[in-house]
Amino acid sequence: MSDPHQPEIDVKYVAHLARMHLSDDEAEVFQEQLEHILEHVRQLSDLDVSGVEPTAHAVPVHNVFREDAVDASLPHEQAMDNAPQSRQGLFVVPRILE
Amino acid sequence: MAKFADHNETFSLAGLQQGTFSSVEWVTDLLQRIERSDKTINAYISTDGEWALEQAKAADQRRASGEAGPLCGAPIGVKDVLNVQGQPCHCASRILEGYTSPYDATAVSRLRDQGAVLLGRLNMDEFAMGSTNENSAFGAVRNPWNPDFVPGGSSGGSAAAVAAGSAWAALGTDTGGSIRQPASFCGRVGLKPSYGRVSRFGLTAFASSLDQIGPITQTVSDAATLLTALAGHDAKDSTSLKQAVPDYSSALKGDLRGMRLGLPKQYFIEGMDQEVEAAVRQATEQCRELGAELVEVSLPHTEYAIATYYIIATAEASANLARFDGVRYGAREAGSDPLDQYGKTRAAFFGPEVKRRIILGTYVLSSGYHDAYYLRAQQVRTLIRRDFEDAFKQCDALLTPVAPTTAYRIGERTADPIQMYLGDIFTVTANLAGICGLSVPCGFSSADLPIGLQILGPAFGEETILRVGHAYEQSTDWHVRRPPLWAGTAS
Amino acid sequence: MSDAFKVSIGLETHVQLDTRSKIWCGCANVFGSEPNTDVCPVCLGYPGTMPVLNREAVRLTVMAGLMLGCEINRYSKFDRKSYFYPDMPKNYQISQYDLPLCLGGGVEIMVDGQPKNIRLNRIHLEEDVAKNNHFEGFSGVDFNRAGTPLMEIVSEPDLSSAEEAFAYLQALKQMLVYGGISECNLEQGNMRCDINCSVRPAAQEQLGTKTEIKNMNTFKGVLRSLTYEIKRQIDVVSSGGRVVQETRRWDDEAGVTRSMRSKEDAHDYRYFPEPDLMPVVLSEQEIEGWRASLPEMPTTRRQRFVDEYGLPDYDAGVLVADKAVADFFEAVARDAGNPKAASNWMMTEMLRVLSADDLEIADIKVTPAALAVLIRLVDEKAINNTGAKEVFAELVANGGDPKAIVEAKGLAQVSDTGALNTWVEEAIAAHPNVVDDYRGGKRAALQFLMGQVMRASQGKANPPMVLQALRDKLDS
């Protein structure tokens, strides 16, 4: 990991990756808090983990499948019930410019 | 209602089973009790009294027909993170405003199949992110033992309701201690099952590889009854295991003779609250008196657990919470194009702790940092898992404190996230390793705040920890103590 | 194309798998339903829902890999690929990052009569996204397609012309249809591809800067867009410019590729293992079992048609090009007991009708059984060829039973010697000069008399019998 005194996180950029606008005030508070958190988290670099398998699942299970059978879908009206906005049976979003 | 004036004696399923009172009577009383106690503790986000009474009536009929299991008519609260068909599921967030769930979580449907009565939706930290229940769009929950203190989190509403007697039991979820720690802060029993023991289908995911659903109850015996109903394979959750489900209640027998209980030295550390340490040490002594042999064990990677946990949990959360964009459900804020709309919606309706964790999780997965943070955390997770595998070769279960302190004062830790996170040090390890853990009351501080003993067992070792917990509990009277609020609300 | 430049093209081909249900849930995998009717909490990305992997999607992907000569990964897993877009129900796509189901392999195409192997990099399994529809002032999302099992076949940049890319896609489609992996119906979006293309001076080893053309959904579009893009890049480089690495969009009407002003940032997909799905571990036994069940591939079938049915190699090649046509042919050949006739009908009449009306063989009203009956009628001399063609035309127009058509149209061949003899005697009597010519050694005169008899019979007379009767009368 990089120089611990170099602020490596750019909170505004990362929030943009997460599609979350931040006000300047928010960004300032988060920047400081996250630098503090990362400082703590960086202690992991003290450990020698060479050759250690990463754990992605807490239990070692594989081959969990469903059979290829059709189940009932939601009735259309119910599928649209929770939509903040719908038209012509579609979920409305602002016009996408391609 | 006179029958419930002394809530202490009757607050168990025995009353239902023996016909002392009906489910309708109990639920009617509880609905009034909720209304009174929630003025102080704010445990419920919502109740649906009419529906609860309908369920209670059906349960009473079922019991009358003689086909009732132990949970028939039992009034239970459900954490707001679990889907119940036809009910809202806010996850204590504004971003799910207007959402009505079209389906039941598997854990919920299993309880409903048994005739349990769902009272309402319990308050929590937004998206289960927090250790104090101060991060709720529906207001903080307060500790029934002293409303100036937090109930713990994130299942704070669940623990507070059970402690205040406004639910017989409650479902919570535990990603890094969110069942055990609030149960401890509120002086009740909390069980985090092994990963894969209870289906997660219908649990709005915070960190999918760590989350588990479990009960918060008055007694260990109630926890065993509920786990028997909740546990088992579910075809809708690929991570639930096809392990047979024993009758956990039948494991609750005998003393602790022949058992080896480990005390991990890294869990009794300098700087922890002395009253907590003293109470937990005394509890371990009590276990010795009950016949257990105590051995010291070592979990050498414990100090890395918080860093590991906050990297993995937030990384998974950053993806799990990406779906809240205001297109298919939930709240939305208008924007000029879809991505602008997402940015504004997520800015407007997520609370600060959720935003902080999404940013951290996005960062540790992002290009250039993935290996240094996320991959490394997964490797350290392996080391932590191995620590436990080694420890359980030397003993049947581990005894530790649940948290280094008793409940915090409201507002005490909100300004400093890292101090807040460090309070999870004794609980996050079980989630990282996928093992099971039980929190049992073991004393009170001089400020009359509860202290909890944590019993950790190997994966799918629930029978062992329930047996230890039950034996210890039955040899003490911590679990029958009631908070001042309990008496105060029983008019 | 100029010989001064080398072209390198790689294709990422997305193929929807022919399963009954979606990849993570039980919603039907069908095309053309009303919007948002084949959806459920899982494929709408509802809070609390979890994916469960469709076994058949895994089998089909591995079968495709075996057909294409890939190495099958014994241990494979799924990962989350994060990006926000309205067609994404979860704003991450479940895909496979570092351990896909299939690695390597290749597709053989013919270039100037010579086989050329196009190497594959990998095949991975993922979920398809929803469909965005655009209107005045808003866009609307239909999630029916979201969660369709999608296989991505990634080629190496081994293709060196637009025509090769076209041939590659055709070869791929042929094999995938043969294997029952996908219907590869382009109109229904079963097969879509992204194109990576670069040019470089012929002497240069290192690949040039590539552009990516996204979301092509017709083979003709691939051919045309690449023809344009290759020329554009060569023009840029020839005039001293540099190709910019970017994503471009094919404007089919204008016939040009256009830069999609990459207004948004570079993508950061933030891959990590999907915690809700367990890894897939395949045993040698299972893989070998699937290998043994692989259907006959086009090249094998072509050779078999030559060996088993005695067809010319060219005809066999034409018939196997479309699996449905080949299946139709085999059914007719078996039923009629006359493979050569079956092949003749397919190669001439059937393919003519299909190409004239731009039909798939599945759309046609003629059944293999009906065509076989027709062939038998000819073989049994119940009708002659002229009549058979008329019956075939009727079958194409309205379908039905050939025997009933023969009866209704009075096409039955007259083999009754009484009737034949009458027509023959009339013809001889009416044309004494021609008879003299024949007897004087003019063999062609016989053809004239034959024609007269056929006309008198309105085409129904059995020609060999007429010939025999004429000879009997004239030579006696």
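Tutor: A salt bridge is called here when a side-chain nitrogen of Lys or Arg lies within 4 Å of a carboxyl oxygen of Asp or Glu. The model is predicted, so local features need pLDDT of at least 70 and side-chain atom pairs count only at pLDDT 80 or more, while totals for chains, interfaces and linings use all residues. Side-chain values rest on heavy atoms, without hydrogens and water, residues are numbered from 1 along each chain as its sequence is written, and chains are lettered from A and ligands numbered from 1 in the order of writing.

Student: What makes the meeting of the B:K355 and A:E26 side chains a salt bridge?

Tutor: The N to O distance between B:K355 and A:E26 is 2.7 Å; because this lies within 4 Å, and the partners are a Lys and a Glu, the pair satisfies the rule. The rule finds one salt bridge across the interface of chain A and chain B.

Student: Which elements of chain A give two or more residues to the side that touches chain B?

Tutor: They are α1 (11–17), α2 (24–41) and β3 (90–94), where helices (H or I, at least four residues) and strands (E, at least two) are DSSP runs numbered from the N terminus. The largest share, nine residues, comes from α2(A). By residue type, this side of chain A holds 32 nonpolar, eleven polar and seven charged residues.

Student: How many residues does each chain bring to the contact of chain A with chain B, and how much area is buried there?

Tutor: With contact meaning heavy atoms within 4.5 Å, chain A brings 50 residues and chain B brings 66. The buried area, which is the accessible area (1.4 Å probe) lost on putting the two parts together and summed over both, is about 5,100 Å², with 68% from carbon and sulfur atoms. On the chain A side, A:L44, A:T55 and A:N82 supply 13% of the area buried against chain B, more than any other three residues.

Student: Why is the pair A:E67 and C:R55 called a salt bridge?

Tutor: The closest N and O atoms of A:E67 and C:R55 are 2.9 Å apart, and because that value also falls inside the cut-off for an Arg and a Glu, the name applies. Between chain A and chain C the buried area is about 4,000 Å², of which carbon and sulfur atoms give 57%. In chain A, the residues that lose the most area to chain C are A:F65, A:R66 and A:D68, together 19% of what that side buries.

Student: Is B:Y472 buried or exposed, and what makes it count so?

Tutor: B:Y472 has 2% relative accessibility, and because buried means under 20% (exposed is over 50%, partly exposed in between; 1.4 Å probe, protein chains only), this residue counts as buried. B:Y472 lies in helix α16 (residues 462–474) of chain B, and among the residues that B:Y472 touches are B:A283, B:C287, B:L290 and B:L453. B:L453 is 19 residues from B:Y472 in sequence, and their C-alpha atoms are 9.9 Å apart.

Student: How do you know that the side chains of B:Y472 and B:W478 make a polar contact?

Tutor: A polar contact is a pair of N or O atoms within 3.5 Å, one able to donate a hydrogen and the other to accept it within protein, with residues adjacent in sequence counting only if both atoms are side-chain atoms. The distance between the side chains of B:Y472 and B:W478 is 3.2 Å, and therefore the pair falls within the cut-off.

Technical notes:
Nonpolar A, V, L, I, M, F, W, Y, C, P; charged D, E, K, R; others polar. Lists of a residue's contacts leave out its neighbours within four places in sequence.
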